[in-house]
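Welcome, and please open the structure in your viewer. This tour tells you what to select at each stop and what you will find there.

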Amino acid sequence: MGLGVLLLAGSAATQQALAGSRPNIIFIFSDDHAPHAISAYGSKINSTPNIDRLAAEGAIFRASYCGNSICGPSRATVLTGKLSHANGFMRNGNRFDGEQQTFPKLLQKAGYETAMIGKWHLGTEPTGFDYWRILPGQGSYYNPDFIDAEGRKRLPGYVTEITTELALDWLREGRDPNKPFLLMCQQKAPHRSWMPGPRELGLYRDEDIPEPASLFDDYLGRGPAAAQQEMEIDRHMFMFYDLKLEPTPEESQNLTGPDRSWENPLKRMNPQQRAAWDIAFLEENQAFRKAGLAGEDLIRWKFQRYIKNYLRCVAGVDRSVGQILDYLATNGLEENTIVIYSSDQGFYLGDHGWYDKRWMYEESFAMPLLVRWPKQIQSALEISQLVQNIDYAPTFLELAGAPVPADMQGRSLLALLEGKQPADWRDALYYHYYESRATHRVAAHYGIRKGQYKLIYFYEEEHDYFELFDLEEDPGEMHNLYAESAYEEIRVELRARLKQLRASYADTTGKPMPG
Ligand code: SGN
Ligand code: CA
C-alpha cells in the first residue's frame with residue numbers, strides 16, 4: 001500500500017504526523033497496578049508524581065477496562081486487539097500463538113523498529129520485535145534472569161531498575177535512529193509477592209495507610225462465589241512468603257502453600273541486598289511477634305504490611321516512568337514520542353478484604369490508561385468514554401499511520417485523544433474470565449457494563465447465577481440487585497444486550513445464559 005492510501009486511511013492528526021516524522025511509541029506496562037493506586041486517579045493511599053505527569057501533560061482515560069482480568073490474557077489482547085476467545089489465550093499457562101497477527105508485527109511492516117523489554121508471560125518467544133529481552137515467566141524481583149535470542153542470563157540489581165536501564169540502553173544505542181520506534185517497557189512490579197526495591201524499602205515506615213471501606217466485607221450482599229474465593233488478606237495471605245515475617249524453627253516445620261518457598265526469592269539476593277531487606281523489616285517483625293495480634297487487629301496489620309510493600313513497588317515503577325520521561329526531554333524526543341502508561345489489569349488493595357484480581361468488579365476490571373503526546377494531545381484531557389484493552393492495538397496502528405485490520409475487535413482511541421466525542425462510540429463493554437478452579441478460585445463468569453449498570457453471569461456447576469449492580473448507587477458493588485422486582489426492565493435489557501455482545505464478538509465459549 002502506498003503512502004497516499006495510508007494518508008487517506010488516517011485522520012487529520014495522523015496525516016499531520018505523517019507529513020512530519022511519524023511518532024515514536026513508548027508503551028509502559030506494569031503488572032497488577034490498579035488505578036486506585038495512582039494519584040491522578042484519585043488514590044487515597046499514595047502519590048505517583050511521574051505517572052501523574054502523563055495526565056497533566058496529556059490524556060487520562062477515566063473508564064478504561066480489560067476484557068479478562070488476568071496477566072497473559074490481557075497481554076495477548078493488547079498485542080492482537082482481540083478478546084481472549086479470539087486470540088486463543090484465555091488463561092495463564094496457555095501458550096501464545098506468535099504466528100498470529102499482532103500490532104508490533106504490523107508496525108514493523110510499516111517501517112517501525114520494535115523492542116520488547118521486561119515481563120512477557122505468554123509462554124512462547126516474542127515475535128514481531130527487532131529486539132527483545134524478557135523475564136522468564138513471572139520473573140524475579142532481585143537479580144532476575146532475563147532471556148533474549150541468545151539465551152538466559154542473570155542480571156544484578158532490582159527488576160524495575162534493570163528493566164528501565166535496558167529500555168534506556170535500547171533508546172540510547174540499541175535502536176536505529178533513522179526509524180520511528182515502538183518500545184514496550186513492561187515492568188514486573190507491583191506483582192505478588194510485592195518485594196520493594198532497595199530505594200523504596202523505607203517508604204511509609206511510620207505511617208498508617210488508610211483502609212478501604214470494604215476491608216471487612218462479609219460477602220452477604222452477593223452470590224456465593226464472592227465468599228468462596230481464596231484471595232482474602234485474612235485467610236489466604238501467607239505470613240512468610242507474602243508478609244515478610246521470618247518463621248521460627250518450629251514454624252519452619254509446618255509451612256503450607258507458598259510459605260514453603262518463602263526464602264527462595266530472598267536466596268537470590270547478595271549479602272548487601274539481604275542486609276538492607278532484613279533491616280527494613282526486623283523491628284516491625286519483632287514488634288508484631290510481641291503484640292500477639294488476633295481477629296480484626298491481625299487483619300489490619302496484614303493489610304498494612306501488604307499495602308505498604310505493594311505501594312513501595314509502585315513507587316519504583318513511578319520513578320522508572322520519570323526516568324523515561326526525563327530521557328525523552330533531554331534528548332529531543334519529547335514532542336514526537338507518545339508515552340502510554342497502563343497495567344495488565346486492576347487489583348484489590350484490601351477492597352472486599354482481598355488481594356489479586358480476576359473478577360469483573362471494578363477494582364480488578366479497571367486498567368489505568370494515560371497517554372501523552374505533546375505534539376498532538378492537549379494537556380489535562382479527561383476522557384470518559386468506555387475503552388478496553390482491545391483498543392490498544394488499533395490505536396497504535398492508527399497513530400503510526402498504518403491500516404487497522406478489520407478483524408481486530410477494538411477501535412482506535414485516536415479520535416478520543418483528539419478531544420472528539422464520536423456519536424457512535426460504544427455504550428457497553430463485554431468481559432469474560434475463564435480461570436475457574438485455578439489459584440485464588442474465582443468462578444468463571446462473563447458480563448456487561450453499560451451506563452450505571454453491570455450484569456455478571458457466573459456459570460459453573462456450583463455457581464450458576466447472575467449479579468446486577470447499580471454503580472451509581474453502589475459503587476463498591478456490595479448489593480446484588482438481580483432478584484429485585486424493581487429491576488425487571490434493566491435485567492431484561494442487559495441480558496439481551498449481553499447476549500448480543502457475545503454474538504457480535506463471536507464468543508461461543510462459556511456456558512450460554514439460561515432462558
Ligand atoms: C501467581 C501468583 C498469584 C497470581 C497469579 C497470576 N502467585 O500464581 O497470586 O494470581 O500469579 O498473576 S505467586 O505466589 O506466584 O505470586 S498474573 O499477574 O501473572 O496473572
Ligand atoms: Ca497481572
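Start by selecting helix α11 (residues 271–291) and helix α12 (residues 295–330), which pack at an angle of about 170 degrees with their axes 12 Å apart. That angle makes α11 roughly antiparallel to α12; angles over 145 degrees count as roughly antiparallel, under 35 as roughly parallel, 65 to 115 as roughly perpendicular and the rest as oblique. Now show the side chains in the contact: F281, E284, N285 and F288 of α11 meet L298, W301, R305, N309 and R312 of α12. Contact here means heavy atoms within 4.5 Å. The axes are lines fitted to C-alpha atoms, for helices over the stretch in contact, and angles run from 0 to 180 degrees between N-to-C directions. Helices and strands are DSSP runs (H or I of at least four residues, E of at least two), numbered from the N terminus.

Before moving on, a word on what you are viewing. This is a predicted model, in which local features need pLDDT of at least 70 and side-chain atom pairs count only at pLDDT 80 or more, while totals for chains, interfaces and linings use all residues. Residues are numbered from 1 along each chain as its sequence is written, chains are lettered from A and ligands numbered from 1 in the order in which they are written, and side-chain values use heavy atoms, leaving out hydrogens and water.

Colour by pLDDT, the predictor's confidence in each residue from 0 to 100. The protein chain has a mean of 95, and 96% of its residues reach 70 or more. Where is confidence lowest, and where is it highest? The low point is helix α1 (residues 3–9), with a mean of 41, and the high point is strand β3 (residues 64–65), at 99. Over residues 1–19 the pLDDT is below 50. Where pLDDT is low, the predicted coordinates should not be read in detail.

Keep α12 on screen and add helix α3 (residues 49–57): the two axes come within 7 Å and cross at roughly 55 degrees. α3 and α12 are therefore oblique to each other. From α3, the contact uses P49, N50, I51, R53 and L54, and α12 supplies D318, R319, V321, G322, L325 and D326.

Next, select helix α4 (residues 71–80). Is α4 enclosed or open? Ten of its ten residues are buried, so α4 is largely enclosed by the rest of the structure. Buried means under 20% relative accessible area, exposed over 50% and partly exposed in between (1.4 Å probe, protein chains only). Around α4, its buried residues pack against β1, α5 (84–87), α6 (103–109), β4 (113–119), β8 (181–186) and α14. Just after α4 comes G81, with a positive phi near 70 degrees.

Two of those neighbours lead to the aromatic rings. Rings of Phe, Tyr and Trp (its six-membered ring) pair if their centres lie within 6.5 Å; planes under 30 degrees apart count as stacked, over 60 as edge-to-face and the rest as tilted. By this rule there are 36 aromatic pairs. Select F27 and F396, an edge-to-face pair at 5.5 Å centre to centre, with 65 degrees between the planes. F27 lies in strand β1 (residues 24–30) and F396 in helix α14 (residues 392–399), 369 residues apart. F27 is buried, with a relative accessible area of 0%, and F396 is buried too, at 2%.

For a last stop, select Y219, Y348, W354, W359, Y361, F458, Y465 and F469, which form one aromatic cluster.
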